[in-house]
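Subject: Structure handover and notes

Hello,

Here is the structure we discussed, with the sequence alongside. My notes follow below it.

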Amino acid sequence: MKKIILLLLLSFLSCAKKDRINHYLPKPVTPKELMHNGFYRYNYKMKIILLLLISLLLFNSCQKIDRINHYTNELVTQKELADNGFYKYSMTGLEGIVNEKHTLKDGDPVVPSKFTKFIMVVYTNIAPTNNDKRPIPVFKDSNAIKGKIITYFFKNDILEFKSIISPIDNNNQQKGLFKTKKDIEQYYKELKIPIKEIPLEKLRNHNDIIGLRSRFIINNYESYFYLSDRNEMTTYYIKDKKGNEDMLVWDFYNENSPYKYVE
């Protein structure tokens, strides 16, 4: 065994190339001599190939890909959404009790002390427009949206709710993911995620008789499904809903959205 190891070591030493050139002497050397002394040979084409390979590796390592399953209702942070390629938007607003004594004038409260300022931050896969940095109006330019439209709403840095829909005339393969309540239940049971149907709340402008809307507790969070072509899903991460969630969502999708892209 010792002889074999010794032979392998001698073989390695005999094959290893050592640099035996005194490079401080101004003596011309040939490419062959340099290669025999352990130098590596590169040409211009090889440099280009190496640069392209390095650039491709760097691009793939820096590219943000959405790896979150947004249907599982897991709590996500703003950093996780940003790391998964989501765009950040922000809007400042006022909320409070409005009555006869404290009415609104031109959109601003007459008595500001009766209202509270809030900052709504949205993370979404909708890119901003080139001109005014607002989100692309999804119902005006649906062809610019690929796949599901996913938006998370953080009020004062607290995740309150999220919205998942498919834009009109979108040919996404996931478009018909949930066609019935049975489809919803089966999806979560296969993922071993707790799901329980609960009675619907009475909302205006909703015809629940035809079964378009359903309400579940999924992974301990309340979720609504709209079993239409767009397969809308809304999940609330807080127990006390404010009642203005629909307005905040549609304001974001609106052509004249008050939300601005945050670089």
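How many residues lie between β8 and β9 in the hairpin they form, and which residue in the turn has a positive phi? The hairpin has 2 residues between its strands, and N219 is the turn residue with the positive phi, about 55°. Please keep in mind throughout that this is a predicted model.

Overall picture

The protein chain has 263 residues, of which 32% count as buried. Its secondary structure amounts to 6 helices and 11 strands. Among contacts in the chain with a separation of 6 or more, 58% are between residues 24 or more positions apart. The exposed area of the chain is about 18600 Å², and 56% of that is supplied by carbon and sulfur atoms.

The sheet

An open sheet is built from 9 strands with antiparallel pairing, in the order β7-β8-β9-β10-β6-β5-β4-β1-β11. Its edge strands are β7 (195-197) and β11 (260-261), each of which pairs on one side only.

Within the sheet, β5 and β6 run antiparallel and are joined by 7 bridges. One of the residue pairs here is F153 with its bridge partner F161 in β6.

Strand β9

β9 has a neighbour on each side in the strand order. With β8 it pairs in the antiparallel sense over 6 bridges, and S223 in β9 stands opposite F216. With β10 (residues 232-236), which also runs antiparallel to β9, there are 5 bridges; there, E222 has Y236 as its bridge partner.

In a regular strand, side chains alternate between the two faces of the sheet. For β9, both faces are covered: Y221, S223 and F225 are buried on one side, and E222, Y224 and Y226 are buried on the other. That agrees with the count for the strand, where 6 of its 6 residues are buried.

Nonpolar cores

The largest nonpolar core contains 22 residues, and those with the most contacts inside it are L81, Y152, F154, F178, I184, Y188 and F225. At least two residues of this core come from each of β4 (115-124), β5 (149-155), β6 (158-165), α5 (181-190), β8 (213-218) and β9 (221-226). The biggest contribution is from β5, with 3 residues.

I184 is a useful residue to look at in this core. Beyond its neighbours within four places in sequence, I184 is in contact with F178, I195, S214, F216, F225 and L227. Two of these, F178 and F225, are also on the list of residues with the most contacts inside the core.

There is a second, separate core of 21 residues, which includes I136, F161, Y236 and V249. F161 and Y236 have already come up as the bridge partners of F153 and E222.

Y87

Is Y87, in strand β1 (residues 87-96), buried or partly exposed? Y87 counts as partly exposed because its relative accessibility is 28%, and buried would require under 20%. Leaving aside neighbours within four places in sequence, Y87 is in contact with V122, Y123, T124, N125, I126, A127, P128 and Y261. As for A127, it is 40 residues from Y87 in sequence, while the C-alpha to C-alpha distance is 6.5 Å.

Regards

Definitions and conventions:
Residues numbered from 1 in each chain as written. Predicted model: local features only at pLDDT ≥ 70, side-chain atom pairs only at ≥ 80, totals over all residues. Heavy atoms only, no water. Helix = DSSP H or I, 4+ residues; strand = E, 2+ residues; numbered from the N terminus. Buried < 20%, exposed > 50% of the residue type's maximum accessible area, 1.4 Å probe, protein only. Contact = heavy atoms within 4.5 Å. Areas by Shrake-Rupley, 256 points an atom, 1.4 Å probe, with all protein chains shown as cover. Core = buried A, V, L, I, M, F, W, Y, C linked by side-chain atoms within 4.5 Å. Pairing = 2+ DSSP bridges.
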